[in-house]
Amino acid sequence: MPLISPEYAGQLLKELTKGCPIPAAPAEMARYAFQTSDHVLIGDVAVRGYKHKNRWRLDERDIRKAGERLASLAIDLDDLVDARPLPTDRGRTWRLQITNWFDHVAYEDQTANGCHCEGQQPCDRTRPNQHGLGCGATWEAVEARYGEESIASTRPLPLLTWSGTIWMVPRAYAALLDRAEQIAAQFAEKVACCSRCGAQGDIWEWRSSSTAGYTTLCPSCTSAAARRYKGHLRGRQYKSLPKKSQPDAFLCVLCPSPRQAMYWDHCHEHGFVRGPVCASCNTYEGGGYRFINRPGAAQHLLECNGCRREGTVPPRHQPDVVLRTFVLDPHDACKQPPPYPWGAVEGDGSIRFRLHCWCTTSSHQWEQVVPASKVGSLVSDFVAKALASETDATDQESA
(Lines give C-alpha, C1' and ligand atoms only; values in the text may rest on other atoms or scores of the structure.)
Protein backbone atom coordinates (compact mmCIF):
# COMPACT_ATOMS: atom_id res chain seq x y z
CA MET A 1 0.00 0.00 0.00
CA PRO A 2 1.71 3.27 -1.15
CA LEU A 3 1.31 5.63 1.83
CA ILE A 4 1.96 9.32 1.25
CA SER A 5 2.04 12.40 3.49
CA PRO A 6 -0.93 14.79 3.72
CA GLU A 7 1.27 17.46 2.12
CA TYR A 8 2.01 15.33 -0.93
CA ALA A 9 -1.61 14.16 -1.03
CA GLY A 10 -2.71 17.79 -1.19
CA GLN A 11 -0.26 18.54 -4.00
CA LEU A 12 -1.42 15.45 -5.91
CA LEU A 13 -5.07 16.38 -5.46
CA LYS A 14 -4.43 19.84 -6.88
CA GLU A 15 -2.70 18.32 -9.91
CA LEU A 16 -5.53 15.85 -10.50
CA THR A 17 -8.21 18.55 -10.27
CA LYS A 18 -6.40 21.28 -12.22
CA GLY A 19 -8.94 23.04 -14.42
CA CYS A 20 -11.82 21.38 -12.58
CA PRO A 21 -14.83 23.68 -12.01
CA ILE A 22 -14.88 22.59 -8.37
CA PRO A 23 -11.88 24.12 -6.54
CA ALA A 24 -10.12 21.49 -4.40
CA ALA A 25 -9.00 22.46 -0.90
CA PRO A 26 -6.81 19.71 0.60
CA ALA A 27 -6.37 21.44 3.97
CA GLU A 28 -8.87 19.01 5.51
CA MET A 29 -6.32 16.21 5.28
CA ALA A 30 -4.38 17.56 8.26
CA ARG A 31 -4.05 15.36 11.33
CA TYR A 32 -6.93 16.89 13.29
CA ALA A 33 -9.33 15.83 10.53
CA PHE A 34 -9.11 12.30 11.95
CA GLN A 35 -10.13 13.31 15.45
CA THR A 36 -13.82 12.78 14.71
CA SER A 37 -13.53 10.11 12.01
CA ASP A 38 -11.07 7.63 10.56
CA HIS A 39 -11.66 9.20 7.13
CA VAL A 40 -11.53 12.55 5.39
CA LEU A 41 -13.94 13.43 2.63
CA ILE A 42 -12.76 14.55 -0.78
CA GLY A 43 -16.01 15.42 -2.46
CA ASP A 44 -18.19 12.37 -1.85
CA VAL A 45 -15.24 9.94 -1.55
CA ALA A 46 -14.08 8.88 1.93
CA VAL A 47 -10.30 8.51 2.24
CA ARG A 48 -8.97 6.61 5.23
CA GLY A 49 -6.08 7.97 7.28
CA TYR A 50 -3.29 5.76 8.62
CA LYS A 51 -0.93 6.63 11.44
CA HIS A 52 2.53 5.32 10.63
CA LYS A 53 5.50 6.01 12.93
CA ASN A 54 3.42 8.64 14.73
CA ARG A 55 2.68 10.51 11.49
CA TRP A 56 -0.52 10.54 9.47
CA ARG A 57 -0.42 9.04 6.00
CA LEU A 58 -2.92 8.39 3.22
CA ASP A 59 -3.13 5.77 0.51
CA GLU A 60 -2.04 7.30 -2.79
CA ARG A 61 -4.55 5.13 -4.66
CA ASP A 62 -7.41 6.58 -2.61
CA ILE A 63 -6.26 10.14 -3.35
CA ARG A 64 -6.07 9.42 -7.07
CA LYS A 65 -9.52 7.86 -7.05
CA ALA A 66 -11.02 10.83 -5.20
CA GLY A 67 -9.24 13.40 -7.35
CA GLU A 68 -10.25 11.74 -10.61
CA ARG A 69 -13.86 11.50 -9.50
CA LEU A 70 -13.94 15.17 -8.46
CA ALA A 71 -12.40 16.22 -11.77
CA SER A 72 -14.91 14.17 -13.78
CA LEU A 73 -17.99 15.60 -12.09
CA ALA A 74 -20.15 17.42 -14.67
CA ILE A 75 -21.09 20.90 -13.45
CA ASP A 76 -23.61 23.12 -15.23
CA LEU A 77 -22.93 26.61 -13.88
CA ASP A 78 -26.34 27.77 -15.17
CA ASP A 79 -28.31 25.04 -13.39
CA LEU A 80 -28.54 26.52 -9.89
CA VAL A 81 -30.36 25.71 -6.65
CA ASP A 82 -31.03 27.60 -3.44
CA ALA A 83 -28.04 27.53 -1.05
CA ARG A 84 -29.99 28.75 1.99
CA PRO A 85 -30.39 26.41 4.99
CA LEU A 86 -33.30 24.00 4.83
CA PRO A 87 -35.96 24.07 7.57
CA THR A 88 -34.77 20.61 8.63
CA ASP A 89 -31.08 21.55 8.83
CA ARG A 90 -29.48 20.82 12.19
CA GLY A 91 -25.87 20.89 13.32
CA ARG A 92 -23.06 21.52 10.85
CA THR A 93 -24.63 21.25 7.38
CA TRP A 94 -22.90 22.87 4.41
CA ARG A 95 -25.76 25.33 4.00
CA LEU A 96 -25.54 26.42 7.63
CA GLN A 97 -21.76 26.72 7.41
CA ILE A 98 -21.96 29.14 4.48
CA THR A 99 -24.73 31.14 6.16
CA ASN A 100 -22.66 31.35 9.36
CA TRP A 101 -19.64 32.61 7.37
CA PHE A 102 -21.74 35.41 5.91
CA ASP A 103 -23.23 36.34 9.27
CA HIS A 104 -19.84 36.39 10.99
CA VAL A 105 -18.40 38.77 8.40
CA ALA A 106 -21.46 41.00 8.81
CA TYR A 107 -21.07 40.88 12.59
CA GLU A 108 -17.39 41.83 12.41
CA ASP A 109 -18.16 44.75 10.09
CA GLN A 110 -21.03 45.92 12.28
CA THR A 111 -18.85 45.73 15.41
CA ALA A 112 -16.00 47.67 13.81
CA ASN A 113 -17.91 50.24 11.76
CA GLY A 114 -21.36 50.42 13.33
CA CYS A 115 -24.71 49.88 11.63
CA HIS A 116 -26.00 52.32 9.01
CA CYS A 117 -29.11 50.38 8.03
CA GLU A 118 -32.57 51.89 8.20
CA GLY A 119 -34.83 50.95 11.10
CA GLN A 120 -33.77 49.41 14.39
CA GLN A 121 -30.13 49.97 15.36
CA PRO A 122 -28.18 47.81 15.22
CA CYS A 123 -29.97 45.61 12.68
CA ASP A 124 -30.14 41.81 13.03
CA ARG A 125 -27.98 41.38 9.86
CA THR A 126 -30.64 39.24 8.12
CA ARG A 127 -31.73 41.84 5.52
CA PRO A 128 -29.44 41.58 2.46
CA ASN A 129 -27.60 44.64 1.19
CA GLN A 130 -26.53 45.26 -2.40
CA HIS A 131 -23.92 42.50 -2.06
CA GLY A 132 -26.46 39.96 -0.79
CA LEU A 133 -24.92 40.12 2.70
CA GLY A 134 -26.03 41.44 6.07
CA CYS A 135 -25.53 45.02 7.30
CA GLY A 136 -22.36 46.55 5.80
CA ALA A 137 -20.58 43.33 4.80
CA THR A 138 -18.98 43.07 1.35
CA TRP A 139 -18.08 40.12 -0.84
CA GLU A 140 -14.42 41.17 -0.69
CA ALA A 141 -14.54 40.82 3.10
CA VAL A 142 -16.12 37.37 2.81
CA GLU A 143 -13.42 36.23 0.38
CA ALA A 144 -10.65 37.64 2.59
CA ARG A 145 -12.01 35.88 5.67
CA TYR A 146 -13.35 32.59 4.26
CA GLY A 147 -12.02 32.30 0.72
CA GLU A 148 -9.75 29.36 1.63
CA GLU A 149 -12.26 27.61 3.89
CA SER A 150 -13.35 24.20 2.69
CA ILE A 151 -16.28 21.81 2.86
CA ALA A 152 -15.61 18.18 1.89
CA SER A 153 -12.14 19.29 0.69
CA THR A 154 -13.66 21.76 -1.79
CA ARG A 155 -13.96 25.55 -1.72
CA PRO A 156 -17.60 26.61 -2.05
CA LEU A 157 -17.23 30.39 -2.31
CA PRO A 158 -16.12 30.49 -5.99
CA LEU A 159 -19.28 28.55 -6.93
CA LEU A 160 -21.76 30.81 -5.11
CA THR A 161 -23.96 33.14 -7.17
CA TRP A 162 -26.17 35.98 -5.92
CA SER A 163 -29.44 35.96 -7.87
CA GLY A 164 -30.55 39.33 -6.55
CA THR A 165 -32.71 37.75 -3.87
CA ILE A 166 -30.97 34.54 -2.73
CA TRP A 167 -27.57 32.83 -2.85
CA MET A 168 -27.37 29.85 -5.20
CA VAL A 169 -24.91 27.07 -6.13
CA PRO A 170 -24.77 24.64 -9.06
CA ARG A 171 -27.21 21.77 -8.61
CA ALA A 172 -24.55 19.11 -9.13
CA TYR A 173 -22.30 20.71 -6.50
CA ALA A 174 -25.17 20.88 -3.98
CA ALA A 175 -25.87 17.20 -4.61
CA LEU A 176 -22.18 16.41 -4.09
CA LEU A 177 -22.16 18.18 -0.71
CA ASP A 178 -25.42 16.47 0.30
CA ARG A 179 -23.87 13.06 -0.43
CA ALA A 180 -20.74 14.04 1.50
CA GLU A 181 -22.88 14.95 4.51
CA GLN A 182 -24.63 11.59 4.44
CA ILE A 183 -21.31 9.74 4.30
CA ALA A 184 -19.88 11.88 7.13
CA ALA A 185 -22.94 11.13 9.29
CA GLN A 186 -22.48 7.39 8.75
CA PHE A 187 -18.82 7.51 9.77
CA ALA A 188 -19.61 9.76 12.75
CA GLU A 189 -22.12 7.22 14.02
CA LYS A 190 -19.58 4.44 13.60
CA VAL A 191 -16.72 6.13 15.47
CA ALA A 192 -19.07 7.06 18.33
CA CYS A 193 -19.21 3.34 19.23
CA CYS A 194 -16.71 1.80 21.62
CA SER A 195 -14.31 -0.31 19.57
CA ARG A 196 -14.44 -3.09 22.19
CA CYS A 197 -17.99 -3.41 23.53
CA GLY A 198 -19.91 -1.48 20.89
CA ALA A 199 -21.56 0.92 23.34
CA GLN A 200 -22.43 4.30 21.83
CA GLY A 201 -21.28 7.53 23.47
CA ASP A 202 -19.80 10.99 22.99
CA ILE A 203 -16.74 10.91 20.73
CA TRP A 204 -15.32 14.02 22.45
CA GLU A 205 -15.33 12.10 25.73
CA TRP A 206 -14.45 8.62 24.50
CA ARG A 207 -12.18 9.17 21.50
CA SER A 208 -8.48 9.72 22.10
CA SER A 209 -5.22 9.69 20.19
CA SER A 210 -2.82 6.77 20.29
CA THR A 211 0.33 5.72 18.44
CA ALA A 212 -1.86 3.85 15.94
CA GLY A 213 -4.40 6.64 15.42
CA TYR A 214 -7.57 7.69 17.19
CA THR A 215 -9.49 5.06 19.14
CA THR A 216 -12.92 5.12 20.75
CA LEU A 217 -13.21 3.39 24.12
CA CYS A 218 -15.95 3.70 26.73
CA PRO A 219 -14.88 4.36 30.35
CA SER A 220 -15.32 0.70 31.33
CA CYS A 221 -13.20 -0.64 28.49
CA THR A 222 -10.61 2.10 29.01
CA SER A 223 -10.27 1.13 32.67
CA ALA A 224 -9.80 -2.49 31.60
CA ALA A 225 -7.10 -1.55 29.08
CA ALA A 226 -5.07 0.77 31.33
CA ARG A 227 -4.43 1.21 35.05
CA ARG A 228 -4.24 4.20 37.35
CA TYR A 229 -0.88 5.88 37.82
CA LYS A 230 0.29 5.89 41.45
CA GLY A 231 3.23 8.30 41.18
CA HIS A 232 6.03 5.73 40.98
CA LEU A 233 8.07 8.03 38.69
CA ARG A 234 7.97 11.13 40.89
CA GLY A 235 11.50 12.53 41.15
CA ARG A 236 12.58 10.73 37.96
CA GLN A 237 14.13 12.70 35.13
CA TYR A 238 12.24 12.34 31.85
CA LYS A 239 15.46 11.84 29.88
CA SER A 240 16.30 8.82 32.04
CA LEU A 241 13.16 6.89 31.00
CA PRO A 242 13.76 3.95 28.65
CA LYS A 243 12.55 4.47 25.08
CA LYS A 244 10.10 1.60 25.44
CA SER A 245 8.43 2.99 28.54
CA GLN A 246 4.68 2.75 28.01
CA PRO A 247 2.56 5.70 29.15
CA ASP A 248 -0.39 4.11 27.33
CA ALA A 249 -0.39 1.39 29.99
CA PHE A 250 -1.85 4.04 32.33
CA LEU A 251 -4.90 6.26 32.49
CA CYS A 252 -4.51 10.00 31.94
CA VAL A 253 -3.96 11.64 35.34
CA LEU A 254 -5.81 14.81 34.30
CA CYS A 255 -8.98 13.62 32.59
CA PRO A 256 -12.05 13.47 34.88
CA SER A 257 -13.26 10.25 33.22
CA PRO A 258 -11.03 7.30 32.26
CA ARG A 259 -8.98 7.99 29.13
CA GLN A 260 -5.85 6.19 28.00
CA ALA A 261 -2.62 8.17 28.27
CA MET A 262 -0.22 8.66 25.38
CA TYR A 263 2.68 10.75 26.74
CA TRP A 264 4.80 11.15 29.84
CA ASP A 265 4.17 14.76 30.77
CA HIS A 266 7.23 16.41 32.25
CA CYS A 267 8.47 19.80 33.36
CA HIS A 268 10.60 21.40 30.64
CA GLU A 269 12.26 23.74 33.16
CA HIS A 270 13.46 21.05 35.59
CA GLY A 271 13.10 17.82 33.58
CA PHE A 272 11.08 15.85 36.16
CA VAL A 273 8.28 13.48 35.14
CA ARG A 274 4.81 14.63 36.25
CA GLY A 275 2.72 11.70 35.04
CA PRO A 276 0.98 10.06 32.07
CA VAL A 277 -1.44 12.24 30.08
CA CYS A 278 -3.56 11.84 26.96
CA ALA A 279 -2.77 13.78 23.78
CA SER A 280 -5.48 16.36 24.45
CA CYS A 281 -4.27 17.17 27.97
CA ASN A 282 -0.67 17.23 26.80
CA THR A 283 -1.55 19.87 24.20
CA TYR A 284 -3.62 21.84 26.70
CA GLU A 285 -0.83 21.93 29.29
CA GLY A 286 1.77 22.79 26.68
CA GLY A 287 -0.27 25.76 25.50
CA GLY A 288 -0.55 27.08 29.03
CA TYR A 289 -3.60 29.27 28.46
CA ARG A 290 -6.19 28.69 31.23
CA PHE A 291 -4.76 25.25 32.04
CA ILE A 292 -4.12 26.23 35.65
CA ASN A 293 -7.88 26.66 36.19
CA ARG A 294 -8.59 22.98 35.57
CA PRO A 295 -9.34 20.84 38.65
CA GLY A 296 -6.14 19.15 39.78
CA ALA A 297 -3.92 21.16 37.43
CA ALA A 298 -1.89 22.84 40.19
CA GLN A 299 -1.23 19.56 41.95
CA HIS A 300 -0.20 18.00 38.66
CA LEU A 301 2.34 20.76 37.90
CA LEU A 302 3.76 20.36 41.41
CA GLU A 303 4.51 16.70 40.74
CA CYS A 304 7.76 18.23 39.48
CA ASN A 305 10.21 18.21 42.39
CA GLY A 306 11.93 21.31 41.03
CA CYS A 307 8.76 23.42 40.93
CA ARG A 308 7.75 22.11 44.35
CA ARG A 309 11.15 22.94 45.85
CA GLU A 310 11.29 26.45 44.34
CA GLY A 311 7.65 27.25 45.06
CA THR A 312 6.84 28.09 41.46
CA VAL A 313 5.10 26.88 38.29
CA PRO A 314 6.38 27.03 34.69
CA PRO A 315 6.38 30.57 33.23
CA ARG A 316 3.64 29.84 30.66
CA HIS A 317 1.19 29.22 33.53
CA GLN A 318 2.14 32.27 35.59
CA PRO A 319 -0.12 34.79 33.79
CA ASP A 320 -3.17 32.72 34.73
CA VAL A 321 -1.96 32.43 38.33
CA VAL A 322 -1.68 36.23 38.48
CA LEU A 323 -5.17 36.68 37.02
CA ARG A 324 -6.70 34.60 39.81
CA THR A 325 -6.16 37.43 42.32
CA PHE A 326 -4.76 40.48 40.53
CA VAL A 327 -7.32 42.96 39.20
CA LEU A 328 -6.34 44.59 35.91
CA ASP A 329 -7.24 48.23 35.32
CA PRO A 330 -9.99 49.03 32.78
CA HIS A 331 -9.40 51.90 30.38
CA ASP A 332 -10.66 55.35 31.25
CA ALA A 333 -13.86 55.22 29.22
CA CYS A 334 -15.12 51.94 30.66
CA LYS A 335 -15.78 50.55 34.12
CA GLN A 336 -15.93 46.91 33.00
CA PRO A 337 -12.88 44.68 33.58
CA PRO A 338 -11.12 43.80 30.29
CA PRO A 339 -12.26 40.39 29.00
CA TYR A 340 -9.89 37.54 28.12
CA PRO A 341 -6.57 39.25 28.92
CA TRP A 342 -3.53 37.56 27.43
CA GLY A 343 -0.20 37.76 29.27
CA ALA A 344 3.41 37.04 28.33
CA VAL A 345 6.29 36.67 30.76
CA GLU A 346 9.08 39.17 30.04
CA GLY A 347 12.78 38.53 30.43
CA ASP A 348 12.88 40.20 33.86
CA GLY A 349 10.03 38.04 35.20
CA SER A 350 7.32 40.67 34.85
CA ILE A 351 4.16 39.89 32.88
CA ARG A 352 2.88 42.12 30.11
CA PHE A 353 -0.86 41.79 29.59
CA ARG A 354 -2.45 42.75 26.28
CA LEU A 355 -5.97 44.02 26.84
CA HIS A 356 -8.92 45.09 24.74
CA CYS A 357 -12.46 46.29 25.34
CA TRP A 358 -15.66 45.10 23.66
CA CYS A 359 -17.71 47.92 25.16
CA THR A 360 -16.26 50.49 22.73
CA THR A 361 -14.68 49.31 19.45
CA SER A 362 -12.62 46.28 18.53
CA SER A 363 -9.62 48.56 17.90
CA HIS A 364 -9.36 49.81 21.50
CA GLN A 365 -6.34 47.97 22.92
CA TRP A 366 -3.78 48.69 25.60
CA GLU A 367 -1.21 46.99 27.83
CA GLN A 368 -0.54 46.65 31.54
CA VAL A 369 2.64 45.30 33.14
CA VAL A 370 2.63 43.44 36.46
CA PRO A 371 6.09 43.81 38.09
CA ALA A 372 8.27 40.75 38.61
CA SER A 373 8.19 41.18 42.41
CA LYS A 374 4.39 41.08 42.41
CA VAL A 375 4.35 38.09 40.04
CA GLY A 376 6.75 36.19 42.28
CA SER A 377 4.68 36.92 45.38
CA LEU A 378 1.40 35.82 43.77
CA VAL A 379 2.90 32.63 42.34
CA SER A 380 4.53 31.76 45.66
CA ASP A 381 1.24 32.23 47.52
CA PHE A 382 -0.57 30.12 44.94
CA VAL A 383 1.89 27.23 45.28
CA ALA A 384 1.80 27.42 49.10
CA LYS A 385 -1.99 27.13 49.09
CA ALA A 386 -1.87 24.23 46.61
CA LEU A 387 0.63 22.35 48.79
CA ALA A 388 -1.42 23.04 51.92
CA SER A 389 -4.52 21.73 50.17
CA GLU A 390 -2.59 18.62 49.18
CA THR A 391 -1.52 18.06 52.80
CA ASP A 392 -5.11 18.48 54.06
CA ALA A 393 -6.37 15.94 51.51
CA THR A 394 -3.69 13.44 52.59
CA ASP A 395 -4.60 13.90 56.26
CA GLN A 396 -8.28 13.28 55.53
CA GLU A 397 -7.48 10.09 53.64
CA SER A 398 -5.33 8.88 56.54
CA ALA A 399 -8.13 9.57 59.02
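## The hairpin of strands 8 and 9

Strand 8 is joined to strand 9 by a hairpin of 2 residues. Strands here are DSSP runs of E with at least two residues, and helices are runs of H or I with at least four; both are numbered from the N terminus. The model is predicted, so local features need pLDDT of at least 70 and side-chain atom pairs count only at pLDDT 80 or more, while totals for chains, interfaces and linings use all residues. Residues are numbered from 1 along each chain as its sequence is written, and side-chain values use heavy atoms, leaving out hydrogens and water.

Strand 8 (207-210) and strand 9 (213-216) run antiparallel, with 4 bridges between them. Two strands count as paired if DSSP finds at least two bridges between them. Across this pair, S208 stands opposite T215.

## A cavity

S208 and T215 also help line the largest cavity. The other lining residues are W206, L217, T222, R259 and Q260. The volume of this cavity is about 40 Å³. A search of the whole structure finds 1 cavity of 30 Å³ or more.

A cavity is a set of points, on a 1 Å grid over the protein atoms alone, where a 1.4 Å probe fits but cannot get out; lining residues have an atom within 4 Å of a point. Grid points are joined across faces, edges and corners, and the volume is the space filled by probe spheres set on the points.

## Two open sheets

One open sheet has 4 strands in the order 1-4-3-2, with antiparallel pairing. Strand 1 (3-4) and strand 2 (39-42) are the edge strands, and each pairs on one side only. Strand 2 runs antiparallel to strand 3 (residues 45-52), joined by 4 bridges. H39 stands opposite R48 of strand 3.

Another open sheet has 3 strands, ordered 5-7-6 and paired antiparallel. Strand 5 and strand 6 (161-162) each have a single partner strand, so one side of each is left without a neighbour in the sheet. Strand 5 pairs with strand 7 over 3 antiparallel bridges. There, L80 stands opposite P170 in strand 7.

## T93, ahead of helix 3

T93 sits in the loop between strand 5 (80-82) and helix 3 (94-113). T93 counts as buried because its relative accessibility is 9%. Buried means under 20% relative accessible area, exposed over 50%, and partly exposed in between (1.4 Å probe, protein chains only). A polar atom of the T93 side chain lies 3.2 Å from the backbone nitrogen of L96.

## Helix 4

Helix 4 (residues 139-146) has W139, V142 and Y146 as its buried residues. They lie on the same side of helix 4 because they cover an arc of only 60 degrees around the axis. The arc is that of the directions from the helix axis to the C-beta atoms. An α-helix has 3.6 residues a turn, so residues three or four places apart point the same way.

The buried residues of helix 4 pack against helix 3 and strand 7 (167-170). Contact means heavy atoms within 4.5 Å. On the face turned away from the buried side, helix 4 carries the exposed residues E140 and A144.

## Helix 8

A279, C281 and E285 are buried in helix 8 (residues 279-287). Their arc around the axis is only 165 degrees, which puts them on the same side of helix 8. Their cover includes strand 8, strand 10 (263-266), strand 11 (273-277) and helix 9 (297-301). G288 follows helix 8 and has a positive phi, near 85 degrees.

Definitions and conventions. Polar contact = N/O pair within 3.5 Å; in protein donor to acceptor, adjacent residues only side chain to side chain. 1 Å grid on protein atoms, 1.4 Å probe; cavity = no way out; pocket = protein on both sides within 12 Å on 5 of 7 lines; lining within 4 Å.
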